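User: I would like to learn how to read a strand and its neighbours in a model. Can we go through one together?

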Amino acid sequence: MEQNYANILVPVDGSVQAELALKKAVTVAQQNNAHIDLLNVLRINHYGFYVSGSMPGGVIHDLAQDATSYLDSLVQTTRAATGFKDMAIHVRFGNPKTVISHEFVRDHQNDLIVLGATGMSAVARMVEGSVTAYVSRMAAVDVYVVRTDESGQPIDASQVAAENQEQPKFF
């Protein structure tokens, strides 16, 4: 049985694993002549509370601008490295688990989700639960969880954790 994918969703959060997932998604997209939707989901409730109970619009705007700049840089880097151009960027607000698994896929007719095994620290996974675990259980489309590097070797979790500490986070 051969499966052809047309619309691939790649959620990214600034982690090494997410960016590795993008690289692998580009390979799948090139093989299938598919489109990639590059998504960053911002959880504004993670950024603290303000006296009014909500975050000022300027702060939300700045977060969205930062996320858009990050996604643009990923697109430019990917195009330069691979020549692949059929990518669109998206920034959404909400719970990454439900946005990725249900809402975005429904709105954009994605037929494959490619994401890193984890982008969170062990403590964050214990408190919130893994987005990847939720998506792989609940999404109605195929989910490709990236657990190996570009050469097919298992990802060194301790090395990746150290690298993730150095990168800005957009989630």
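**Reading strand β2**

Analyst: Start with one pair: Leu-38 stands opposite Ile-89 in β3. The model is a predicted one.

User: In which sense do β2 and β3 pair, and over how many bridges?

Analyst: The pairing of β2 with β3 (residues 87–93) is parallel and spans seven bridges. β2 also runs parallel to β1 (residues 7–11), and five bridges join these two. Among the residues involved, Asn-7 has His-35 in β2 as its bridge partner.

User: What lies between β1 and β2 along the chain, and which hand does the crossover have?

Analyst: The chain passes through helix α1 (residues 16–32) on the way from β1 to β2, and the β-α-β crossover is right-handed.

User: How should I read the two faces of a strand?

Analyst: In a regular strand, side chains alternate between the two faces of the sheet. In β2, one side carries His-35, Asp-37, Leu-39 and Val-41, and the other carries Ile-36, Leu-38, Asn-40 and Leu-42.

User: Are those faces of β2 covered or uncovered?

Analyst: Both are covered, with the listed residues all buried. Here buried means under 20% relative accessible area. For β2 (residues 35–42), that applies to eight of its eight residues. Across the protein, 40% of the 171 residues count as buried.

User: Where does β2 sit in the overall pattern?

Analyst: Along the sequence the pattern reads β-α-β-α-β-α-β-α-α-β-α, with six helices and five strands. Of the contacts between residues at least 6 apart in sequence, 75% join residues at least 24 apart.

Terms used
Residues numbered from 1 in each chain as written. Predicted model: local features only at pLDDT ≥ 70, side-chain atom pairs only at ≥ 80, totals over all residues. Heavy atoms only, no water. Buried < 20%, exposed > 50% of the residue type's maximum accessible area, 1.4 Å probe, protein only. Helix = DSSP H or I, 4+ residues; strand = E, 2+ residues; numbered from the N terminus. Pairing = 2+ DSSP bridges. Right-handed = clockwise from strand over helix to strand, strands pointing away. Contact = heavy atoms within 4.5 Å.
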